[in-house]
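Visitor: I'd like to look through this model with you and ask why each feature gets the name it does. Could you show it to me?

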Amino acid sequence: MIEISHRLYRDWALYVGDGYVIHLTAPGESRSTGSSNMSMFLSGRAEVTKEPLQKAAAGCPYKVNNHLDHVYRPRAVHEIITSATEVIGNQKTYSILRENSERFVADLRYGLPRRELSSEDPIPGDLIQIGDVYKHWAIYVGDGFVIHVNTGESSGSSSSDLEHGYVVLQDTVKREPLEEVAGDNTYKVNNFLDGKYRPRPVHDIVNLAKKKIGETWNDYFYFATASTLSLN
């Protein structure tokens, strides 16, 4: 999803490759670029158009803004582009509040009905949030397994640590069944940073996570804090 900041309004477009986008413009002969697309707002009609991103932006700043990726599961890229290409040239009703350009590209990216991540089954590369008050995090790597930091007490706590109310915990990266890690806690897919950062390719995420298995490092926790949290 590309957000274009025109002088008087924000336009949204779907990037389809090779420098082109598909977006809504004023229909027919009244169509032009830039701020003159205000006629689309006034007429209540729009046309689905494919054109170079630079032409659609008309010199205005633009950015990638998949701001709903942390809420909904995007469709596969080929499905998004195919759906967008099929509607090129179609006439659509335009409404600033409802049937606008942001809604148009969001419907293409996420489909209808939209699939909320919090109720979706995980797929490899997903971040899994376990619990609501104390949140434990894991990476889903497929076949019901996650890779996460499993925290257990280390025998390396010094007398000085204990005197100051600390305990040294040894954190080990492990691959374990999601259901066992969650135990009695609820869990959900929560890719909460996907709207801000570009995720790595799935195979990179999974391979990097697997390379971390067996690594350990130490963290400090207060006795009081450690005693109230489920650390598995």
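**Salt bridges**

Guide: Gladly! A good place to begin is the salt bridge between the side chains of Arg115 and Glu120, with N and O 2.6 Å apart. Keep in mind that this is a predicted model.

Visitor: What makes the contact of Arg115 and Glu120 a salt bridge?

Guide: The cut-off is a side-chain nitrogen of Lys or Arg within 4 Å of a carboxyl oxygen of Asp or Glu. Arg115 and Glu120 meet at 2.6 Å, so the pair qualifies under the 4 Å limit.

Visitor: And why does Arg73 with Glu120 count as a salt bridge?

Guide: The closest N and O atoms of Arg73 and Glu120 are 3.8 Å apart, and the limit is 4 Å, so this pair is a salt bridge too. Arg73 belongs to the loop between β5 and α3, while Glu120 belongs to the loop between α4 and β7, 47 residues apart. Both Arg73 and Glu120 are buried. These residues belong to a network of salt bridges that links Arg73, Arg115, Glu120 and Asp126. Over the whole structure, the search finds 7 salt bridges.

Visitor: Is Arg115 buried or partly exposed?

Guide: Arg115 has a relative accessible area of 39%, so it is called partly exposed; that class runs between 20% and 50%.

**Around Tyr72**

Visitor: Why is the aromatic pair of Tyr72 and Tyr110 called tilted?

Guide: The ring centres are 5.8 Å apart and the planes make an angle of 50°. Pairing needs centres within 6.5 Å, and planes under 30 degrees apart would be stacked, over 60 edge-to-face, so the rest are tilted. Tyr72 sits in the loop between β5 and α3, and Tyr110 in helix α4, 38 residues apart. Both Tyr72 and Tyr110 are buried.

Visitor: Which other rings pair, and how do you know that they are tilted?

Guide: Trp137 and Phe192 do, at 5.2 Å centre to centre with 45° between the planes. An angle that is neither under 30 nor over 60 degrees counts as tilted, so the name fits. Because Trp137 lies in strand β8 and Phe192 in the loop between β11 and α7, the pair ties together parts 55 residues apart in sequence. The count comes to 2 aromatic pairs.

Visitor: What lies over the face of Tyr72?

Guide: Arg114 does, at 5.4 Å from the ring centre. Arg114 also forms a salt bridge with Asp107, where the closest N and O atoms are 2.7 Å apart.

Visitor: Why is Asp107 called buried?

Guide: Its relative accessibility is 19%, and buried means under 20%, so Asp107 falls in that class. Arg114, at 25%, is partly exposed.

**Strands**

Visitor: How do you know that β3 pairs with β2 and β4?

Guide: Pairing needs at least two bridges, so the counts settle the matter. Strand β2 joins β3 by 4 bridges, and β3 joins β4 by 6; both pairings are antiparallel. His23 of β3 is the bridge partner of Ala13, and Thr49 in β4 is the bridge partner of His23. In strand β3, 5 of the 6 residues are buried.

Visitor: What makes the link between Glu3 and Asn65 a polar contact?

Guide: Their side chains come to 2.7 Å, and the limit for a pair of N or O atoms is 3.5 Å, so the distance fits. Glu3 is in strand β1 and is buried, with a relative accessible area of 5%.

Note on methods: Residues numbered from 1 in each chain as written. Predicted model: local features only at pLDDT ≥ 70, side-chain atom pairs only at ≥ 80, totals over all residues. Heavy atoms only, no water. Helix = DSSP H or I, 4+ residues; strand = E, 2+ residues; numbered from the N terminus. Buried < 20%, exposed > 50% of the residue type's maximum accessible area, 1.4 Å probe, protein only. Polar contact = N/O pair within 3.5 Å; in protein donor to acceptor, adjacent residues only side chain to side chain. Phe/Tyr/Trp six-rings, centres within 6.5 Å; stacked < 30°, edge-to-face > 60°. Lys NZ or Arg CZ within 6 Å of the ring centre and 35° of its normal.
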